[in-house]
Amino acid sequence: MASPNAIDPVSVEAGAVERPRATAADRGRSTFLAYFARKLIAALVSFAVTLIIGFVLFSIMPADPVSTLTRGRPTSPAQLAHLRQTLGIDQPVWHRFLTFVGHTLTGNLGYSWQYQQSVSGLIGSRIGPTLLLMGSSTVISVVLGLWLGAHSGWRPGSILDRVSSGVSLTLWSVPTFWLGIILLVLFSVGFGPIPAIFPAGGMSTPDYNGSTIGYVLNVTQHLVLPCLTLVLVVFAQYVTIMRSSIIDELGSPYLLTARAKGLRDEMVRRKHAVPNALLPSVTVIFLQLGGLVAGAITVETVYSWPGLGYLTFQALRIPDLPLLEGTFIVFSASIIVMNLLADMLYRVLDPRVRAQ
Amino acid sequence: MTSVRNRSLPRSIRRGLAAAAALGLVAVVGLIGVGSTAASAASETTLTVAAPSEISTFNPFLSYFDSELYILNSIYPALTIGDAKNIPEPYLATKWSTSTDKLTWTFTIRSGLKWSDGKPITAADVAWTYNLVMKNATAATANGSLLTNFAKVTAPNATTLVITTKTPQANMLYTSIPVVPQHVWESKVSNLKNFKNMQFPVVGYGPWQLVGYKTDQYATLKANKDFFMGAPKYDRLVEQVFKNSDASVAALKSGQLEQDAEITATQFKALKNAKNITTYQQEPTGWTGIEINPGAITRSGKSIGTGNPILKDAKVRTAIAWAIDRKTLVTKVLDGLGQTGAGYLPSGYPQWAWQPSASQAINYDPAKANQILDDAGYKKGSDGIRTDPKTHKKLTFRLGTHSDTTSDSQIASYLEGWLKPIGISLDVQPMSFTQLNANLLKGDWDILMDAWKTGADPTYLLSIQTCGVLPKDDGTGANTDAFYCDKSYDADYKKQTQQFDQGERATTIRDMQSKLYDANVDIMLYYADGLSAIRTDKVATYMYGKANSGGIFPHQNLFYNWRTATPAATKSSSHTGVYLGIGIPVVAIIAAVGVVGLRRRSTAADRE
């Protein structure tokens, strides 16, 4: 093992060695910072543009939230007018836009017309269940998808390849809502000799008063069907990308080298082919992570999961513009932040990006 | 060598096995816990019902959603409450009297009742609540319209409440609102708009006390064993939120729920032969109909909107009424679970319901419809569509339907099919509720789908057919249902507000319905029965009243259902499903951890 000084045998003084190394590190850091700054500015611009488009779209929707809220209830025109004034619905669009921008900048997301409470509070109380559902389903679908994709791509045309590609693409084509209802009917009602195994909705048994471990298992039991629905629909994209990436790597010389070293075929795949093939998957995984909070609208509605997806569905129904705008900000921000992270991580994983 | 390798397993494998062992232990402990919880739950009875809507607040001054209103009715008292026939009976008020000028009502408040925190319930609490709603615009959000005719509410002593009205008010006993404890709510008034009333247990009085709520999941209520009308038979009540009706029906089938009060006709049929489930029909409390624009005008009589002027001709509207086969709609759209439409007020409130006599009734008769139009001079063209003799325009009308209501599109198809043979074509235009409502109030419509549900007091539903709720000339103040305006109807409307004898009032209200029927501006198509399903293996009695010969029960009041529901004799239920439901995911996780550990072990020798 050579000592650090051996790198530059001409230099005698330690300082003479240190200075150029520090400069190289600085250069690397400043390059990274410049790259990060560029990406950050691009992300902020995307966020601003997205918010403006979102506001415009929500504002041009034909809507009278007060009449929807009071639909079928005895209300006088005076009551409706008072409600419009209280909720700020009668304010001009430019005023609402300035309020919206102000809310976004300060993090105070306004006041829901429908729930008559702060949007931040509403989102805060529902983001946990959404993260639990989407987090668990993403982890499972990533692991399952990448594993199947790697094995399928390694032996294209094999039985495993044909079965996994066929099954995953079929499930990907199935509407999430429909699949959810089918699984719900099968497993929460039972069929034939199979009893009802999983609950039909909710996140825990009402009024559960058992131990903490029991509660965790109770939530797990409620989580299975919504999580399974999401996994079945989503994992195909990981299978597809991983499969094609592995196929691209099949003829690479470094795999020949690995085989020449006497490694078993499985080790060649796991240790050499998969790490290289993983790169394109990273982007997809992060895009999926960005859509975490937004992706569960239908599943949360089918399984009565108390998360952000259902909150958005409710907001659209009225439409409750402050709540809709609030959830829109959260969804947009999460996707943009995850894209930014993917860009950063890609640079770490792939030396070619660093070299550009 | 082998024995040495076995003794020193790689760290990752050891970790994997340890994790698997820990998970296994957790599963065993958890399953035991679940089993014991199920066993302990047997000693306390819980009635779990499906919430018909979302829940956002328990503040009775702001509450709009049905799920909240059902709970609020059970945790706060009111002066009166609808009895089994939905006619007001004493609750907080034990008796009442009215002054000779009919402007002053004196109520005697029940003594000896206490709020759940032990403080006495007095007339002062009632007066304070009513005055808050009358004077504070935020407090008036939910129930303000019920008290607009109130001039003054006072409590001269603990058991006397005096209400003075601006004009005689015959529906006074129907206007009871939830009464809250003054000593709790006084401090909430300054921030009433933001107060959700979610500090549990909620101080109140009623058959139940609200003791908990989990956001978007369920509300828990505890029985008030001292309730003066009789304690609930169950110890606890859970109102669980289901975000789609298929899920709540699945929960009913699996025993997760005991009652679902709002199922569809398809679900009703599917549950008809389900094990341990009984389905019930109730008298309807709402109607579905069409409204025909009779010529939209403002209060001053100025014409507005783009309504087709041909529909001003009562003969055209009458012909349309004769061309509609209401029986087929009940059979096809409601699966037979409803009644054909006629009177404006549904049979769920028999004290007001009205049906036309045989000579007045308009039934399906396309020949008669054709005859009416022929006689009126509307000649059919070569395409079969009639033409107005004056304007030479075809009888083609827009039909606005609610895009979010499936039955609207079904009905529209039938209407198209029935009106074409009488020479009328329809241009069906599905639109959002908001858009349809906006078009309605501007008069920009020809024919619209319409539906209403009503409570026991029909005053509001009757009021939206009066001339006084037409829009002003500036377009504001509109609350009309279909631009119907008839001075004699208005006179009847005013008369019934002052008829304190409820029998006389009912006669006037029936006369009003007769006038509406003849005008054919609002044509009632059908009344859908209320459909519900109960787990009869778990709930012994739930429904009250007697079913009629068609098996239809009177319209039910959840205040009574929840209080009088009786648990069925307990049977030892199987927990196989629960154990499987928890066991399967845990075993899957253990298996995954184990597989990873074993794979790492099997490839340990190959590592570079």
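This report walks through a predicted two-chain model, from chain A to the contact between chains and on to chain B.

**Chain A**

Let's start with the helical partner. Chain A holds 14 helices and zero strands, so its string of elements, read from the N terminus, is α-α-α-α-α-α-α-α-α-α-α-α-α-α. The chain has 356 residues, and 38% of them count as buried. Take the contacts in chain A between residues at least 6 apart in sequence: 73% of those join residues at least 24 apart.

One helix pair is worth a look. Two packed helices are described by the angle between their axes and the distance between the axes. For helix α5 (residues 119-154) of chain A and helix α8 (residues 212-249) of chain A, the axes come within 6 Å and cross at roughly 35°. The crossing of α5(A) and α8(A) is right-handed. Sorted by class, the residues in the contact of α5(A) with α8(A) are 22 nonpolar, 10 polar and one charged.

Helix α8 of chain A also carries A:Tyr215. Is A:Tyr215 buried or partly exposed? With 18 C-beta neighbours inside 10 Å, A:Tyr215 counts as partly exposed, because buried status takes 20 or more. Leaving aside neighbours within four places in sequence, A:Tyr215 is in contact with A:Ser204, A:Tyr208 and A:Gly210. A:Ser204 sits 11 residues from A:Tyr215 along the chain, and their C-alpha atoms are separated by 7.6 Å.

**Where the chains meet**

Next, the two chains together. On the chain A side 62 residues are in contact, and on the chain B side 61. Elements giving two or more residues to the side of chain A that touches chain B include α2 (65-69), α3 (77-87), α5, α7 (176-189), α8 and α10 (265-290) of chain A. Which element gives the most to that side? It is α8(A), with seven residues. By class, the side of chain A that touches chain B has 29 nonpolar, 26 polar and seven charged residues.

In soluble globular proteins, nonpolar side chains tend to be buried together. In this model the largest nonpolar core has 217 residues, and the ones with the most contacts inside it are B:Val126, B:Ala319, B:Ile320 and B:Ala323. The largest share of this core comes from α8(A), which gives 16 residues. As for B:Ala323, its contacts, not counting residues up to four places away in sequence, are B:Pro366, B:Ala369, B:Trp418, B:Leu419 and B:Ile422.

**The sheet in chain B**

Chain B has an open sheet of six strands, with mixed pairing and the order β14-β20-β13-β19-β17-β18. Which strands of chain B stand at the edges? They are β14 (338-340) and β18 (425-431), and each has a single partner strand, so one side of each is left without a neighbour in the sheet. On average, neighbouring strands of this sheet are turned by 25° against each other, direction ignored.

At the β14 edge, β14(B) pairs with strand β20 (residues 522-528) of chain B in the antiparallel sense, over three bridges. Within that pair, B:Gln339 has B:Tyr527 in β20(B) as its bridge partner. Elsewhere, helix α12 (residues 433-442) of chain B lies across β17 (396-402), β18 and β19 (447-453) of chain B, and runs at about 135° to β17(B).

**Backbone oddities in chain B**

Most residues other than glycine have a negative phi, and most peptide bonds are trans. A few spots in chain B go the other way, and they are listed here.

| Site | Backbone value | Loop |
|---|---|---|
| B:Phe200 to B:Pro201 | cis, omega near -5° | B:Pro201: between α5 (182-185) and β8 (208-214) of chain B |
| B:Asn276 | phi near 65° | between α7 (265-271) and β12 (277-282) of chain B |
| B:Asp335 | phi near 60° | between α9 (326-333) and β14 of chain B |

How exposed are the two positive-phi residues? B:Asn276 has 13 C-beta neighbours inside 10 Å and so counts as partly exposed. B:Asp335 has 15 other C-beta atoms within 10 Å, which means it is partly exposed too. The loop with B:Asp335 leads to β14 of chain B, one of the edge strands described above.

Note on methods
Residues numbered from 1 in each chain as written. Chains lettered and ligands numbered in written order. Predicted model: local features only at pLDDT ≥ 70, side-chain atom pairs only at ≥ 80, totals over all residues. Axes fitted to C-alpha atoms, helices over the stretch in contact; angles between N-to-C directions. Helix = DSSP H or I, 4+ residues; strand = E, 2+ residues; numbered from the N terminus. Left-handed = near helix turned anticlockwise from the far one by under 90°. Nonpolar A, V, L, I, M, F, W, Y, C, P; charged D, E, K, R; others polar. Contact = placed C-beta atoms within 7 Å. Core = buried A, V, L, I, M, F, W, Y, C linked by C-beta atoms within 7 Å. Buried ≥ 20, exposed ≤ 12 C-beta atoms within 10 Å, placed from the backbone. Pairing = 2+ DSSP bridges.
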